[in-house]
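Please look through the sequence and the structure shown here before reading on, and keep both at hand while following the text.

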Amino acid sequence: MIKRKCEGESTLVELKETRRELALDCCLLAGKIMMESGAETYRVEDTMIRMAVSQKMVNSHCFVTPTGIMFSPSDELATRFVRISSRRTDLKQVALVNAVSRKLVSGEYTLQEAYEKMQIIDKTDYSFSMGLQVLAAAVASGCFMILIGGEWRDFPFASLFGGVGFYIVEMILAQTRVKIFSEFIGSFVIAVLALLAVKSGWGINLDTIIIGSVIPLVPGLLITNAVRDLMAGHFVSGLSNGAEAFLTAFAIGAGVALVLSF
């Protein structure tokens, strides 16, 4: 009788440990997806803490940076670390993870169901095709060129050069994984094409063509997240994102300036 009771208690402890480990994996996966998709640091930390509290881990702590996540579920369990190796802009994944976390906290999903949903989100590519992204960049470039006072005659050139520059940046980034280098080459090509168009007499205003064409390359989300994190007191993430945005903007300006200096 005593042996059976001890075995039952041992099994119960193992089940609790297994559930804690599953909750820990679910929280870390949610944070990893959100950070890789361009979410703000405060949003990632808030989501992970809420999920942990819903699983009875009330003493949990997490520290999120653009390159890694440290999560401590309790005093009994060891702290876990997840490396963030790549970042992109995919707000749909952020919204899907937030939806799953809310349903887990409200009780609509069990922990196992939430973890399975997170795995599906992580493995699914929700990004648009490259052709559609290039088309969107081209249209945005032409429209921005008009907004800053450009001529309608330059609209085709700004659209074409913006699409070409965006495509070059994405292709180089996929091969080298160095964002600054890809942004520099993309802006350099845009400036060369714009200069040739104006020198040949087809284009009118060199400045508006270049400005409109490089707008899709500007790190708007990084700048926004940097300011938001700094306002929320996340100085490590804010300064990191701000430095990355500054270097990206510098690469774009250097590529254009190199062409215009000749």
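The paragraphs below go through a helix, the loop after it, a set of strands and a surface patch.

The model is a predicted one, and a convenient place to enter it is helix α2, which comprises residues 41-54 and therefore 14 residues, and whose reach of 20 Å from its first C-alpha to its last is close to the 20 Å expected at 1.5 Å a residue. The buried residues of this helix are Thr 41, Val 44, Glu 45, Thr 47, Met 48, Met 51 and Ala 52. Seen down the axis of α2, these buried residues fall within an arc of 165 degrees, so they line one face of the helix. The general background is that an α-helix has 3.6 residues a turn, so residues three or four places apart point the same way.

Just after α2 comes Lys 56, which lies in the loop between α2 and β1 and has a positive phi of about 70 degrees although it is not a glycine. Lys 56 counts as exposed because its relative accessibility is 72%, where the cut-off for exposed is over 50%.

Beyond this loop, strand β1 (residues 61-65) pairs with β2 in the antiparallel sense over five bridges, and the two strands form a hairpin with two residues between them. Within this pairing, Cys 62 has Phe 71 of β2 as its bridge partner. On to the next strand, β2 is joined by four bridges to β3 (residues 80-83), again in an antiparallel arrangement, and here Met 70 stands opposite Phe 81 in β3. Strand β2 (residues 68-72), which takes part in both the pairing with β1 and the pairing with β3, is mostly covered, with four of its five residues buried.

Further along the chain, Arg 177 lies in the loop between α6 (155-176) and α7, and it has a positive phi, near 60 degrees, in a residue other than glycine. Arg 177 is exposed, with a relative accessible area of 58%.

Which residues make the nonpolar surface patch of about 580 Å²? The patch is made by Val 178, Ile 180, Phe 181, Phe 246, Leu 247 and Phe 250, and the elements that give two or more residues to it are α7 (179-199) and α10 (235-260). Helix α10 gives the most to this patch, with three residues. Phe 250, a member of the patch, is found in helix α10 and counts as exposed because its relative accessibility is 52%, with the cut-off for exposed lying at over 50%.

Methods. Residues numbered from 1 in each chain as written. Predicted model: local features only at pLDDT ≥ 70, side-chain atom pairs only at ≥ 80, totals over all residues. Heavy atoms only, no water. Expected span 1.5 Å × (residues − 1). Buried < 20%, exposed > 50% of the residue type's maximum accessible area, 1.4 Å probe, protein only. Arc of directions from axis to C-beta. Patch = residues over 30% accessible without salt bridge, like charges linked within 9 Å, V, L, I, M, F, W, Y side chains within 5 Å. Areas by Shrake-Rupley, 256 points an atom, 1.4 Å probe, with all protein chains shown as cover. Salt bridge = Lys/Arg side-chain N within 4 Å of Asp/Glu carboxyl O. Pairing = 2+ DSSP bridges.
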